Amino acid sequence: MTERRAILSGSVFEERIGYARAVVDGEWVHVSGTTGYDYATMTISEDVVEQADQCLRNIGAALKAAGCGFEDVVRVRYLLPVREDFEPCWPVLRRVFGEVRPAATMVRGPADAGMKIETEVYARRRAA
């Protein structure tokens, strides 16, 4: 039977909505749409670039808990309500994914106007 386990970040939204920050399913890691919330303080910057940076820190913590890292990411999806906010985030995103080069898509979203960027990733864990 394949290993399946949930990874929780401690965000109050996981409990309120009923989801996990990430799910490990065998060799695959599915990271939920993740925003720039600092879960320790439950605050979010108004700056899209700062949100993108915090978003990647949140995703990095989930990947680490799953036993992998950004180098294992094969797919990334960016959601931004304002298309013009995407380009200012490129340097932050390139810092993490520039060498990895996962398949990527940017679409319009998320639902909450205060969330200027939301990111989800799929990673494949390497055999031990």
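This passage walks through the strands, two helices and nonpolar core of a predicted model. Residues are numbered from 1 along each chain as its sequence is written, and side-chain values use heavy atoms, with hydrogens and water left out. Because the model is predicted, local features need pLDDT of at least 70 and side-chain atom pairs count only at pLDDT 80 or more, while totals for chains, interfaces and linings use all residues.

We can start with the strands (DSSP runs of E, at least two residues, numbered from the N terminus, as are helices, which are runs of H or I of at least four residues). Strands β2 (residues 22-25) and β3 (residues 28-35) run antiparallel and are joined by four bridges; pairing here requires that DSSP finds at least two bridges between two strands. D25 has W28 of β3 as its bridge partner. Two residues lie between the strands of this hairpin, and G26 takes a positive phi near 65°. On β6 (residues 118-124), β3 has a further antiparallel partner, with six bridges between them, and there W28 stands opposite R124.

Helix α2 (residues 48-66) comes next. Its 19 residues should span 27 Å at 1.5 Å a residue, and the end C-alpha atoms are indeed 27 Å apart; the expected span is 1.5 Å times one less than the number of residues. At the start of α2, a side-chain oxygen of D47 comes to within 3.1 Å of the backbone nitrogen of V49. After the helix follows G67, with a positive phi near 90°. Among the buried residues of α2 (buried meaning under 20% relative accessible area, exposed over 50%, partly exposed in between, with a 1.4 Å probe and protein chains only) are V48, L56, I59 and L63. The buried residues of α2 pack against β1, β2, β3, β4, α3 and β6, where contact means heavy atoms within 4.5 Å.

In α3 (86-97), the buried residues are F86, C89, V92, L93, V96 and F97. Seen down the helix axis, they fall within an arc of 120° and so line one face of α3; the arc is taken from the directions from the axis to the C-beta atoms. Exposed E87, R94 and R95 sit on the face turned away from that buried side. The packing partners of the buried α3 residues are α2, β4, β5 and β6.

The largest nonpolar core (buried Ala, Val, Leu, Ile, Met, Phe, Trp, Tyr and Cys residues joined through side-chain atoms within 4.5 Å) has 28 residues, and those touching the most other members include V29, L63 and F97. Its largest share, eight residues, comes from α2.

Conventions:
Polar contact = N/O pair within 3.5 Å; in protein donor to acceptor, adjacent residues only side chain to side chain.
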